[in-house]
Amino acid sequence: MIVYLDNASTTRVCEEAARAALEVMTQEFGNPSARYGLAQKAARRLEEDRAAVAAALGCESGELYFTSCGTEGDNWAVRAAVEYGRRRGKHIVTTAIEHSAVLEPLKELEGKGYSITRLRPDKSGHVSPRDLREALREDTVLVSMMLVNNELGTIQPVQECAAITKAYCPDILFHTDAVQAFLKVPFTPKELGVDLLTISGHKVRAPKGIGAQYIRAGLKLSPLLRGGGQEKGLRPGTEPTAQIAALAAACRVWESWSERYRSHMAQLKEYALEKLCQTVPDLEVVNAGDAPHICAVSLPGYPSEMLVRALNDRGVYVSSGSACHKGKPSHVFGALGLPKRTLMGVLRVSFSPDSTREEVDALAEGLAAIRAGHVGA
Ligand code: PLP
């Protein structure tokens, strides 16, 4: 049995999504930009699929642009927002716990003379709206704040922060990375009051290689890529219709089970935290997470990488933090100011609607066995 509890990293593609992709790849494979029947059929399907993803996100189809992944969406938001505000200033506000898909393009901009304010979270893993208010300046052009943190599962106060930002100056663009929030917590871009929002398919049982960007209606942004006129000229490149069909299918299934999925993941997380604390001596809950699918625990004195390897040997897959930080302690856990022994022993456990209690039990048994067979460093 594979015990897969690393669903914040990626998810197994659901049957419906795989079937939709196969159908488009083998039957409705036309290029939506061509003029003949096969292509027109592909173009119609593309728009139906866009409508399905837009409905799941709670926005208009016209506000949704397909991208290749969350990283592309985050990079695009940062670069386009900076271009949009170039006459107004060179100051950006973000948080110290963003994904590297936001932090890295910001670092690049810093090297080009931009000033970046990185809001620090409190010990519970939340940034403060008051800190954001104090950080805003006349020359601020962008605020980028994630909705759900990928390592802690904490929900950031995006709605309140967007309102504060817009009240301070409506011209400041507000972007949220909703890659871990999409379908897991209820929200719409309009309710949040954001201008730009990024999602990614492979976190919600669609394949890797597909994402989408919400751009508020009426906002004119520059494209990241230059080429043909696809996606209203804003995201050129032949549309990956099979991945789009798969994302739409994954959204349709998730939408129809949404409440059950959320409560299943939330209950499983509660069960996991209880079970792990009961079974594994000294285990600490680093963050129980607000979102239903992510929590972080630590076995102080046991290096995460060693735990991940030892669990792997038992067929149990969890993460030592974001999959994008191989080997290094993550900047997110670092920002919480955890004691070093706790920091080094952190594991992220994350669920999908397919996760089971048996998987949680196997993780608990595995950790208990590792704990029993080793002396802490
Ligand atoms: N943002 C967050 C919060 C993420 O968790 C991830 C992936 O782990 C990304 C962005 C990047 O998404 P993708 O893997 O689709 O590029």
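**Two sheets, a salt bridge and a ligand site**

Let's begin with an open sheet of three strands, which follow one another in the order E9-E10-E12 with antiparallel pairing. Strand E9 (284-287) and strand E12 (346-350) stand at the edges with a single partner strand each, so one side of each has no neighbour in the sheet. If you look at how the strands cross, neighbours in this sheet are turned by 35° against each other on average, with direction ignored. Please keep in mind as you go that this is a predicted model.

It is worth zooming in on one pairing here. E9 and strand E10 (residues 294-298) run antiparallel and are joined by three bridges. To find your way along this pair, start from Val285, whose bridge partner in E10 is Val297.

Strand E12 also leads us to another part of the chain. Asp6 and Arg348 form a salt bridge, and their closest N and O atoms are 3.2 Å apart. Asp6 belongs to the loop between strand E1 (3-4) and helix H1 (15-26), whereas Arg348 sits in strand E12, so this pair ties together parts that lie 342 residues apart in sequence. As general background, side chains of opposite charge can pair when their charged atoms come close. In this model, the count comes to 20 salt bridges with a cut-off of 4 Å between a side-chain nitrogen of Lys or Arg and a carboxyl oxygen of Asp or Glu.

Now let's turn to the other sheet. Seven strands form this open sheet, and they are arranged in the order E2-E8-E7-E6-E5-E3-E4 with mixed pairing. At its edges you will find strand E2 (64-67) and strand E4 (115-119), each of which pairs on one side only. The average turn between neighbouring strands of this sheet is 20°, again ignoring direction.

Within this sheet, strand E6 (residues 173-177) and strand E7 (residues 196-200) make a good stopping point. The two run parallel, and three bridges join them. One landmark is His175, which has Leu196 in E7 as its bridge partner.

Our last stop is the ligand. It is surrounded by 13 residues, and the closest are Gly70, Thr71, Asp177, Ser200 and Lys203. Which helix gives the most to this shell? Helix H3 (residues 70-84) does, with three residues. Sorted by class, the shell holds three nonpolar, seven polar and three charged residues.

Several polar atoms of the protein come up to oxygen atoms of the ligand. From the backbone, an N or O atom of Gly70 lies 2.8 Å from a ligand oxygen. From the side chains, an N or O atom of His202 is 2.9 Å from an oxygen atom of the ligand, and for an N or O atom in the side chain of Lys203 the distance to a ligand oxygen is 2.6 Å. Taken alone, the ligand would expose 390 Å², and the protein buries 90% of that area.

How values were computed:
Residues are numbered from 1 along each chain as its sequence is written. This is a predicted model: local features need pLDDT of at least 70, side-chain atom pairs count only at pLDDT 80 or more; totals for chains, interfaces and linings use all residues. Side-chain values use heavy atoms; hydrogens and water are left out. A residue is near a molecule or strand if one of its heavy atoms lies within 4 Å of it. A polar contact is a pair of N or O atoms within 3.5 Å; within protein, one must be able to donate a hydrogen and the other to accept it, and residues adjacent in sequence count only if both atoms are side-chain atoms. Accessible areas come from the Shrake-Rupley method with a 1.4 Å probe; for residues, only the protein chains shown count as cover. Helices (H or I, at least four residues) and strands (E, at least two) are DSSP runs, numbered from the N terminus. Ala, Val, Leu, Ile, Met, Phe, Trp, Tyr, Cys and Pro count as nonpolar, Asp, Glu, Lys and Arg as charged, and the others, Gly among them, as polar. Two strands pair if DSSP finds at least two bridges between them. Axes are lines fitted to C-alpha atoms, for helices over the stretch in contact, and angles run from 0 to 180 degrees between N-to-C directions.
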